[in-house]
Amino acid sequence: MPQEPLAPQTTLPDGTSIPDTVGLLGYTFAATSMRTNGLNVKDGIQDIVDLINEYVAQKGQPDRIYLLGVSQGALTATLVAEQHPELISGALAACGPYGDFQREADYLTDFRVLFDYFFPDAIAAQPYRDSASD
């Protein structure tokens, strides 16, 4: 299977390749991306499971498998750890939307409304204000 070009996210600003650096340390690096835009956690879980199974089929079972996810990827990594603990050794989830998603969205919008009330000119862009009425 030919390798696809590395995504910009796998290269540091100085040009250092994260997969190459990880490889020099004796590890293998694999990355996925969401197959569609938007909240798509179920597909993300399946993509991780498929990636692990494909790696094992091609290279054999590694000693350990660790997942790292940020934002929606953190939620995905957490759910893979919960639903498929037999596949991975651990997961690091950073800045993920955990718990009740609706309560999280409510909290963020409530905070913004209160912030704008107490600090009306702190943020220049007010997307919900009609500029003609200002």
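Contact, as the word is used in these exercises, means that heavy atoms lie within 4.5 Å. The structure is a predicted model, and the exercises below move from the whole chain to single residues.

**Exercise 1. Describe the overall make-up of the protein, beginning with its helices and strands.**

Solution. The first step is to count the elements, which gives 4 helices and 2 strands. Reading along the sequence then places these elements in the pattern α-α-β-α-β-α. Turning to burial, one finds that 20% of the 134 residues are buried, while the accessible surface comes to about 10500 Å², with 57% of that area belonging to carbon and sulfur atoms. Finally, if one takes the contacts between residues at least 6 apart in sequence, 42% of them join residues at least 24 apart.

**Exercise 2. Determine whether the span of helix H3 agrees with its number of residues, and state what its buried residues pack against.**

Solution. H3 has 12 residues, and the expected span is 1.5 Å times one less than that number, so the helix should span 16 Å, which agrees with the 16 Å that separates its end C-alpha atoms. The next step is to list the residues of H3 that are buried, namely Gln72, Ala74, Leu75, Thr76, Ala77, Leu79 and Val80. These buried residues pack against helix H2 (41–59), and also against strands E1 and E2.

**Exercise 3. Locate Ile88, decide whether it is buried or exposed, and name the residues that it touches.**

Solution. Ile88 belongs to the loop between helix H3 (72–83) and strand E2 (90–94). Its relative accessibility is 11%, and because the cut-off for burial is under 20%, Ile88 counts as buried. Leaving aside residues up to four places away in sequence, Ile88 touches Ile52, Ile65, Leu67, Val80 and Ala81; of these partners, Val80 is itself listed among the buried residues of H3. A further separation can be read from the model, since the C-alpha atoms of Ile88 and Asp63 are 9.8 Å apart, with the two positions 25 residues apart along the chain.

**Exercise 4. Examine the backbone of Ser71 and Cys95, and state how accessible each residue is.**

Solution. Most residues other than glycine have a negative phi. Ser71, although not a glycine, has a positive phi of about 60 degrees, and Cys95, also a residue other than glycine, has a positive phi near 60 degrees. Ser71 is found in the loop between strand E1 (66–70) and H3, whereas Cys95 is placed in the loop between E2 and H4. For accessibility, Ser71 at 40% counts as partly exposed, while Cys95, with a relative accessible area of 68%, is exposed because this value lies over the 50% cut-off.

**Exercise 5. Contrast Asp116 with Phe118 in helix H4, and identify the nonpolar surface patch to which Phe118 contributes.**

Solution. Asp116 is in helix H4 (residues 101–118), and Phe118 lies in that helix as well. The relative accessible area of Asp116 is 4%, so this residue is buried, whereas Phe118, at 55% relative accessibility, counts as exposed. The side chain of Asp116 is joined to that of Arg112 by a polar contact of 2.9 Å. Phe118, for its part, helps to make a nonpolar surface patch of about 520 Å² together with Leu114, Tyr117 and Phe119.

Note on methods. Residues are numbered from 1 along each chain as its sequence is written. This is a predicted model: local features need pLDDT of at least 70, side-chain atom pairs count only at pLDDT 80 or more; totals for chains, interfaces and linings use all residues. Side-chain values use heavy atoms; hydrogens and water are left out. Buried means under 20% relative accessible area, exposed over 50%, partly exposed in between (1.4 Å probe, protein chains only). A polar contact is a pair of N or O atoms within 3.5 Å; within protein, one must be able to donate a hydrogen and the other to accept it, and residues adjacent in sequence count only if both atoms are side-chain atoms. Patches are made of residues with over 30% relative accessible area and no salt bridge: like charges are joined within 9 Å, nonpolar side chains (Val, Leu, Ile, Met, Phe, Trp, Tyr) within 5 Å. Accessible areas come from the Shrake-Rupley method with a 1.4 Å probe; for residues, only the protein chains shown count as cover. A salt bridge is a side-chain nitrogen of Lys or Arg within 4 Å of a carboxyl oxygen of Asp or Glu.
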